[in-house]
Amino acid sequence: MNLDDTIVAIATPPGRGGIGVVRLAGPEARAIAEPMLRGTRELEAGRAIHYDLIEPGWLDGKDTLELDGSEPRHYNPATTRIDEVVVTYFAKPHSYTTDDIVEISAHGSPVVLRHIVELALARGARLAEPGEFTMRAFLNGRLDLTQAEAVRDLIDSQTLFQAKVAAQQLEGALSNRLKPIKRDLVELIALLEAGIDFAEDDISVAPDAVIREHISRVQAPLLQLAATFSYGKIIHQGLTLAIVGRPNVGKSSLFNRLVERERAIVTAQPGTTRDLVSETVALDGIPLELVDTAGIRSAHDEAESMGIKKSKEALADADLVLVVIDSTQPLSDEDHDLLSLVDGRQAIIVENKSDLVGSFEDPTLARSSGGGPPRDSAAARNFPPRIRTSALTGEGVSALRKAILRHVAGDSAQDSEAGFLTSVRHQKLVHDALRSLDAASNAVGARVPHEMLLLDLYGALRPIDEMTGATTTDDILNLIFGTFCIGK
């Protein structure tokens, strides 16, 4: 990538809108933009100034310009007004990319925006690649790689909470968490390197116990960081929650309560739902895909059989399962069979219809419909938590939302401002670093020479550097920034 080029792109989404922005960045950004503008003031850094957007005429005259190897044409000061625009000039290095940047805000007509780009290309600019503005910001030291990736997460955010988390990462929350880890690791490497390089000068090397303690000091915060990925992944990608149960226990009514609108058809006839019904909602800012399923029982016809098959598939694919049972009736054999399907899964038992008269035996007793001892005492000891609800009145639905959130967030939500892992790439790099640190700790116990121990320590340093971009290869950069939109 040539950082000396001046690049141009439309920075606003495709389509029509009130305003559209064309962005130029590079050493010639100002020189390319000025001939398109007519006004009473010159471009001034840090100022938004009103101009007419003009298109030069080309006639015989004294000023000559060659375009793309074509015959020389002559500039005519008599011009055609295309639009009214507001232009903001950011002088280097005080800009997003640290280059000179000119942003032209025009009315959001795709024709006008494309024409601005064409005028810039005709004067020597190059069309920007996807993510090239942010890549320049990274290559010029304006952002590290974790911050650059946070820009993409901020653009892709679907909820306000996702946007806030991405903004924290953009401010350097993850980078700041990595800095002391890297500092401690570099100090240990420097200590061992000094002992090797200056052995003749009797430079003291720390004893094995001190080296091990130093490695543990690096490992501990990395392990804490690795543990944040389960929550960070959910924030970044959301999760799927399947609502399952036998027919007529109120699954669809509960589904409608959670999505807060009549999304699924509800009737008194058992088996109304024959196919999967899904809806995405935000639970404390976390995208949650709710899936209402067909009642699981012995099928009465082919259509119901297909619906039940899809229900079991949805149950298998879900990150969290709500098992809905009728609180006015004892557990049936169908309930027992369903509970056995979620054994060992992340699940919550929902005792629905709590507004109706009736009592329900504690599900941890796992009694059959005819009473008697528990069918599976092992399952009984590890039963999921249960919440009483009434989909009809809304009673208990708020408590159910809180229980879902506890399953999703756990204790990790408290660390959101400290920075956590939301990327699979980051998770893999942290695990690579931890593996190398484990190998280094074992090498100390085996009294391996420090020259060999340093190989493991450098093996732990490289993944940390790759997270921030200190040792990132071009292939990785192209893969990351290729997922950005053009104009960012």
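This is a short walk through one protein model, from the whole chain down to single residues.

Start with the status of the model. It is predicted. So please hear every value as computed from a predicted model.

Now the overall picture. The protein has 488 residues, and 46% of them are buried. Its secondary structure comes to 16 helices and 14 strands. Take the contacts between residues with a separation of 6 or more: 69% of these link residues 24 or more positions apart. As for the surface, the protein exposes about 24400 Å². Carbon and sulfur atoms supply 51% of that area.

Let's go to helix α4. You will find α4 at residues 145-156. How far should its 12 residues span? At 1.5 Å a residue, the expected figure is 16 Å. The C-alpha atoms at the two ends are 17 Å apart, which agrees.

Is α4 enclosed or open? Count the buried residues: 9 of the 12. So α4 is largely enclosed by the rest of the structure. The buried residues run through Leu-145, Thr-146, Gln-147, Ala-148, Glu-149, Ala-150, Val-151, Arg-152 and Asp-153. Keep Asp-153 in mind, please; we meet it again with a loop residue.

Next, helix α15, residues 450-468. Here 19 residues should span 27 Å at 1.5 Å each. The end C-alpha atoms are 27 Å apart, so the two figures agree. Buried residues of α15 include Leu-453, Leu-454, Leu-457, Gly-459, Ala-460 and Leu-461. Also on that list are Pro-463, Ile-464, Asp-465, Met-467 and Thr-468. Just past the helix comes Gly-469, with a positive phi of about 100°.

Now put the two helices together. The axes of α4 and α15 come within 5 Å. They cross at roughly 45°. Angles from 35 to 65 degrees fall outside the parallel and perpendicular classes, and α4 and α15 are therefore oblique to each other. Which residues make the contact? From α4, they are Leu-145, Thr-146 and Glu-149. From α15, they are Glu-466, Met-467 and Thr-468. By type, the contact residues divide into 2 nonpolar, 2 polar and 2 charged.

On to that loop residue, Thr-422. It sits between α13, residues 397-409, and α14, residues 424-445. Is Thr-422 buried or exposed? Its relative accessible area is 9%, so Thr-422 is buried. What does Thr-422 contact, once its neighbours within four places in sequence are set aside? Asp-153 is one of its partners, and Asp-153 is also among the buried residues of α4. The other partners are Gln-169, Phe-229, Gly-232, Lys-233 and His-236.

His-236 leads us to Gln-162. This residue belongs to helix α5, residues 160-170. At 7% relative accessibility, Gln-162 counts as buried. Leave out residues up to four places away in sequence, and Gln-162 touches Ser-157, Ile-235, His-236, Gly-285 and Pro-287. So His-236 is in contact with Gln-162 and with Thr-422.

Now some backbone details. Look at the loop between β6, residues 73-90, and β7, residues 101-108. Pro-93 lies in this loop. The peptide bond from Lys-92 to Pro-93 is cis, with omega near 0°. Thr-98 lies in the loop between β6 and β7 too. Thr-98 is not a glycine, yet its phi is positive, about 75°. With a relative accessible area of 18%, Thr-98 is buried. The cut-off for buried is under 20%.

Compare Arg-447, in the loop between α14 and α15. Its phi is near 55°, again positive in a residue other than glycine. Is Arg-447 buried or exposed? Its relative accessibility is 67%, so Arg-447 counts as exposed. How far is Arg-447 from Asp-208? In sequence, they are 239 residues apart. In space, their C-alpha atoms are 8.2 Å apart.

One last pair. Glu-132 is in helix α3, residues 132-139. At 1% relative accessibility, Glu-132 counts as buried. Glu-132 and Lys-488 are 356 residues apart in sequence. C-alpha to C-alpha, the distance between them is 6.7 Å.

To close, go back to α4 and α15 on your screens. Find the crossing at roughly 45°. Then find Asp-153 in α4, and follow its contact to Thr-422. That's my tour.

Notes:
Residues numbered from 1 in each chain as written. Predicted model: local features only at pLDDT ≥ 70, side-chain atom pairs only at ≥ 80, totals over all residues. Heavy atoms only, no water. Helix = DSSP H or I, 4+ residues; strand = E, 2+ residues; numbered from the N terminus. Buried < 20%, exposed > 50% of the residue type's maximum accessible area, 1.4 Å probe, protein only. Contact = heavy atoms within 4.5 Å. Areas by Shrake-Rupley, 256 points an atom, 1.4 Å probe, with all protein chains shown as cover. Expected span 1.5 Å × (residues − 1). Axes fitted to C-alpha atoms, helices over the stretch in contact; angles between N-to-C directions. Parallel < 35°, antiparallel > 145°, perpendicular 65-115°, else oblique. Nonpolar A, V, L, I, M, F, W, Y, C, P; charged D, E, K, R; others polar.
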